[in-house]
Amino acid sequence: MQMGRSETINPDDVIEDLLRKREDQKKGGGEKAVANQRGKDKLLARERVELLFDEGTFCELDLWAEPLRTGFDDVDEKHLPGDASVIGYGKVNGRPVMVYAHDFTQMTGTQSAVQHSKITKAMDMAVKMNIPYVGIVDSAGIRLQDMMGEPLTRPPVRGHGLGECGNFMFSPPNASGVIPQIALMLGPQFAGSSYSPIMKDFLIMRKSPNVFMSLISPPVIKEVVGEEVTYDEIGSALVHAEITGTTDLVVDTDEEGIETVKELLSFLPSNWKERPPVIETDDPPDRKDQELLDISLKESEDRDMHDIIQRIVDNGKFFETKPLFAKNMIVGFARFNGQTAGIVANNPKEKQGKIDIDVSDKAARFIRFCDCFNIPLVFLVDSIGFVSSKEEEKAGLERHAAKLPYAICESTVPKITIYTGECSGGAEYMMGTESMGVDLVLAWPTATIGQIDPERAVDINYEKELREAENPEKFREEKIRAFKEEICTVYHAGARQLVNDIVDPRSTRPMIIQALDCFKNKEETLPAKKHGNIPL
Amino acid sequence: MSSFEEKWKEIHEHAQKLEQGGGAETIEALHKEGKLTARERIAKLVDQNKFQEIDLFGGAYSTGFDIDDSEIPGDGVVTGYGEVKGRPVYIWAQDATVLDGTMASNHIKKISIVMEKALREKVPIVGIFDSKGMRMQDAVGAHGHFTPGMMMRFQTLASGVIPQISLVMGGCVGMAAVSARLADFLFMVKGTSYMTVADPEPDSDEDVKEIGKPEMHHKHSGCCDVMAKDEVECLEKCRSLLGFLPSNNQEEPPFVDTGDDPQRRLDDIMDIVPASPNKAFDMRKVIRLMADNEFYYEILGDYAQNLTTGFVRMEGRTVGIIANNSIWRMGCMDVDSSGKHAKFTRFCDAFNIPLVYLSDCPAFFPSGAEERKGVLRHGCMVIHATSEATVPKINVIARKLYGGACMVMPVNFTKADRYVAWPIVERGVMGAPGLARVTHLGKMKRAKTQEEKDNIFKEALKIMEERVKIHSIATNEAIIDPRDTRKFLAEALRCTQFKVQERAARKHENMNL
């Protein structure tokens, strides 16, 4: 029989049939929907995926999947090849990465049981393979007919009770700290399903009228509480970048978004056991920067910490995250002699680099990410401590501020703190001291490290003398001057082992590179625990 | 008299003098304020005569200033160990009679020492704050290691290993406030305690005591877990809380024979819970009813009242309760309740305390202000914490569970071990009218007349009402008689007590903060 079969079927036909069927499956939601997508200046799901991966490396999975029947005819009649999603694996700059992408051309990328099972598969496989994954989001939320129809009253697909399988809400926390997770939002995301992209380590949003994300949509807010708000006020990329601090970066086009993802991936290891990749640069490791000396002589309020960062990192390239949120603190990635490091820096140019709730949340999360993925940390300090505000206290400053020292004390990666300007009012403990586990504390000679206000200190310490002095005013002034000269200096700080060395600002870069090189085998074990209980 | 006795007498007298702290006058002043001394507090916290002080002798390090001439007993802090309800606990307490309890080098070193011991010996630690801040004379020359940084380092290392409790019973300012909040639970006393991170602006009329008062921290900032009406109540409540907790993360919570029948039927429950979905009721009444001996230890009671968290015992075993409460915002989740939920969940998970949920949540609270405060980011903390928790998670859906709420009150999405409902349950993405509108948008648009449109909607509504009904019931593992809730929970907790859930190895997670 088999012999007979191969005689009647042409092998070329089999392959041709396969290819034709495959092409059909890739057509998505049809010509009209595709044209609509292009009209919004958006790429198609597969175009985005192809752009992300090195040419010809993308392997798609579950292209053939179709949604379950819902019991609603108008949905069941539709042909949804792949159920409005594309998942698979490939290589980004030669390194393996998993991907999932919503296909907006099919029923506006709405999420169903089968689509969730595909997306969850991408996340869970990434954990198993120990490689990062990227989620490209473009979906109008839950497919109501699917949610309210039969699929969810059937045994859940890849749901609970199936061993290691998770679902789209369970898998991101399960992967957190094991592999880097990145979400790229190039379309809308509604309601509860927005949580899935936000739970990733990094979220990149496109600035566009078609991209927004809010938990409750403006019409519902109006209907329930009568409040008039627009999408731009509560859900646009800019709102999430500047006000809510939900998104890490904002991009202008699909292409830029994908380029940004690739650049971000280049800084990161594939998983928590690996070290970040070293990328050779032509910037000499022993390069000294003349300008830094001049900068160090400026008053704090006249400096932008970005200038200092750019002068010490490889080729001046700094990948800043959350640049528009809590600008008094700068965080981001850079390279020192090709080696990735996370930079956490006060910016005295904004709010005098003061510490507040948003600053703590932003920096603590960044530090914890770096610690998860073996990325050493460099702290640049120039801050006069906490904001003094009743509103901040009322909003829970203690609770939020405590996250930052927690994150520093918990981290076991190499850590370097450099005092570049002022440091007072508790700022030292928010930026790491040796007693908190920082490995190297350096200071520029012009820095001041004192938790004490000289005037107050003199009033208290010389209380008796002040009372007895012939000319108390003169005595006080003299003491304050002496206090400033002797006590509020880095040399006094050195004597007290608050700093390990006082260095020429020009050699900051070589010092960091030398230290990171020598500390790279650092190992530190924390007491065994399920997890800590960071203040939230 | 032998020389042994002589020596003992000499030392004993010296110790007694040191134990007087700043002396009779300062003690009297403290009592007048309604405050106890550090040692009186410790005596009330531990079982009778069960406190061993350490590092009493020594005093402050010299500073080079006039202050060196004065006596500074114990450098303003009492440290040691004792027993609470027969179980060991480390304690340190700042002594306000000694230079206002100001923090100096040896003071901080003494605290760090007991923190390290507690961590190494895997015993809970209670810190009593009563200080006006850093001691200026000492701070000028203090060594880098005798700083709050050291305390915070130990607190962080110990986090999730041993329970840590801060009792703020006086002043707590600056970095001390940050350190106090690093503990798992923070208590404050009405009228006598205050806590702020930053100094108020020099020109402002605001007083630190006013800004940082317990009422503010308990109701608005969410920094004060338990507010006591006086010092005695504060210490009593701390003892009570310790009774619920295991000594460390490798131990099961202590068992206490409560004698309450696990089969007890909750006949009064029908009077508490209104069947109408839009009527509010106080969920805490339900919790008390079902708990052993009707005892509920609430955490953060006055903060984010739309969610109540706390401890009860079921068949003598500690259980963490997380329940929506319709008395505020109809039980909707929001930014504040998210933080409260996530922190409590993570504590229970770290210390092997099973979680019981009582759900009655219509949604996340719809408001522009909440969105701009970052409700998405905060909601993620809860989902993260709930997914991550590997202790038994048992959810009783009392009334409503709509939309995103089913991620934070766990069902299958975030892997609850049991999720059952009372017969009045309502579940789904949204109500039937909303579903009818959204799913038939196209058809309604294409309708030629208003009548036709209305008919389409009416038809759709009928279908959707039917679907919601099926969905509400069929998405639960079982429907139980509310009066049997206690019986159900007791059996479910017994059945899940050996639960093990492995997670992929990692240093730690990177949750939204």
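This is a short tour of chain B and of where it touches chain A in a predicted model.

Before you start, note that residues count from 1 along each chain as its sequence is written, while chains are lettered from A and ligands numbered from 1 in the order in which they are written. Because the model is predicted, local features need pLDDT of at least 70 and side-chain atom pairs count only at pLDDT 80 or more, whereas totals for chains, interfaces and linings use all residues.

**Stop one: chain B as a whole.** Select chain B; its C-alpha atoms fill a box of roughly 105 × 55 × 45 Å along the principal axes. Colour by secondary structure to find 20 helices and 17 strands (DSSP runs numbered from the N terminus: H or I of at least four residues for helices, E of at least two for strands). Of its 513 residues, 58% are buried, meaning that 20 or more other C-beta atoms, placed from the backbone, lie within 10 Å of a residue's own.

**Stop two: three strands.** Now pick β14 (residues 393-402) and β15 (residues 418-421) of chain B, which pair in parallel over four bridges; pairing takes at least two DSSP bridges. Add β17 (residues 478-479) of chain B, joined to β15(B) by two bridges, also parallel. Which residue should you centre on? Try B:A421 in β15(B), which stands opposite B:I397 and has B:I479 in β17(B) as a bridge partner.

**Stop three: the contact with chain A.** Show both chains: 98 residues of chain B are in contact with 96 of chain A (C-beta atoms, placed from the backbone, within 7 Å). On the chain B side, helix α15 (residues 375-388) gives the largest share, 10 residues.

Terms used
Two residues are in contact if their C-beta atoms, placed from the backbone, lie within 7 Å. A residue is buried if 20 or more other C-beta atoms lie within 10 Å of its own, exposed if 12 or fewer, and partly exposed in between; C-beta atoms are placed from the backbone.
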